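User: I'd like to learn how to read a structure like this one. Can you walk me through some features?

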Amino acid sequence: MACRISELIIDAADPDRLAAFWSDVLGYVELGREDDGSIEIGPPDAGPGSPRPTIVLSPSSAPRTGKLRLHFDVNATDRDQDAELERLLALGAEPADVGQTGDESWHVLADPEGNEFCLLRSRLQPL
């Protein structure tokens with residue numbers, strides 16, 4: 001038997017803003033809030049033990065230092081990469097430079113708090 005990722009926890013200066021952004025990007029909904037200000041988002045049908053991981057945005061005032069050690073890669077499910085790039089930029093993503101050459105098939109972006117993520121070219125089937 002192996003483990004399975006159930007939740008991804010992200011420190012956030014503004015959990016509400018980041019939860020709204022990532023919910024719009026991924027088609028997630030708010031699943032719950034904790035007394036400490038943490039917000040859990042996930043697929044609309046997610047519940048305890050769901051096969052798809054949820055994301056918990058946890059309040060933190062600690063500044064980020066250095067490069068992220070983990071980032072998301074996302075793929076569009078219902079449009080091409082160029083159309084999805086326009087949608088993500090309209091939601092508040094910003095282009096990010098992590099040293100790419102410009103010849104990559106993906107786009108490096110940052111969420112509203114500067115967390116880098118990549119928009120890949122291939123389109124995936126929705127779950």
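User: Let's start with N75: is it buried or exposed?

Analyst: Keep in mind that this is a predicted model. The cut-off for buried is under 20% relative accessible area. N75 comes out at 18% relative accessibility, so it counts as buried.

User: Where is N75 found, and which residues is it in contact with beyond its neighbours within four places in sequence?

Analyst: N75 is in the loop between strand 5 and helix 2 (81–91). Leaving those neighbours aside, N75 is in contact with L120, S122 and L124. With S122 there's a polar detail too: the N75 side chain reaches the backbone oxygen of S122 at 3.0 Å.

User: And L68, another loop residue?

Analyst: L68 lies in the loop between strand 4 (54–59) and strand 5 (72–74). L68 has 23% relative accessibility, and therefore counts as partly exposed. Skipping neighbours within four places in sequence, you'll find L68 in contact with N115 and E116.

User: How do I read the sheet? In what order do its strands run?

Analyst: Read across the strands, not along the chain. Here 4 strands form an open sheet in the order 5-8-7-6, with mixed pairing. Strand 5 and strand 6 (94–95) are the edge strands, each pairing on one side only. Take strand 7 (residues 107–110) and strand 8 (residues 116–119): they pair in the antiparallel sense over 4 bridges. Within that pair, L109 stands opposite F117 in strand 8.

User: How many disulfides are there?

Analyst: General idea: a disulfide is a covalent bond between the sulfur atoms of two cysteines. Searching the whole structure turns up 0 disulfides. As for individual cysteines, C3 counts as exposed because its relative accessibility is 83%, whereas C118, at 10%, counts as buried.

User: What about helix 1? Which of its residues are buried?

Analyst: An α-helix has 3.6 residues a turn, so residues three or four places apart point the same way. In helix 1 the buried ones are P15, L18, A19, F21, W22, S23 and V25.

User: What span should helix 1 have, and how far apart are its ends?

Analyst: Helix 1 (residues 15–26) has 12 residues, so at 1.5 Å a residue it should span 16 Å; its end C-alpha atoms are 16 Å apart, which agrees.

User: What comes just after helix 1?

Analyst: G27, which takes a positive phi of about 75°. G27 also links back to our loop residue: L68 is 41 residues from G27 in sequence, and their C-alpha atoms are 24 Å apart in space.

Terms used:
Residues numbered from 1 in each chain as written. Predicted model: local features only at pLDDT ≥ 70, side-chain atom pairs only at ≥ 80, totals over all residues. Heavy atoms only, no water. Helix = DSSP H or I, 4+ residues; strand = E, 2+ residues; numbered from the N terminus. Buried < 20%, exposed > 50% of the residue type's maximum accessible area, 1.4 Å probe, protein only. Contact = heavy atoms within 4.5 Å. Polar contact = N/O pair within 3.5 Å; in protein donor to acceptor, adjacent residues only side chain to side chain. Pairing = 2+ DSSP bridges. Disulfide = S-S within 2.5 Å. Expected span 1.5 Å × (residues − 1).
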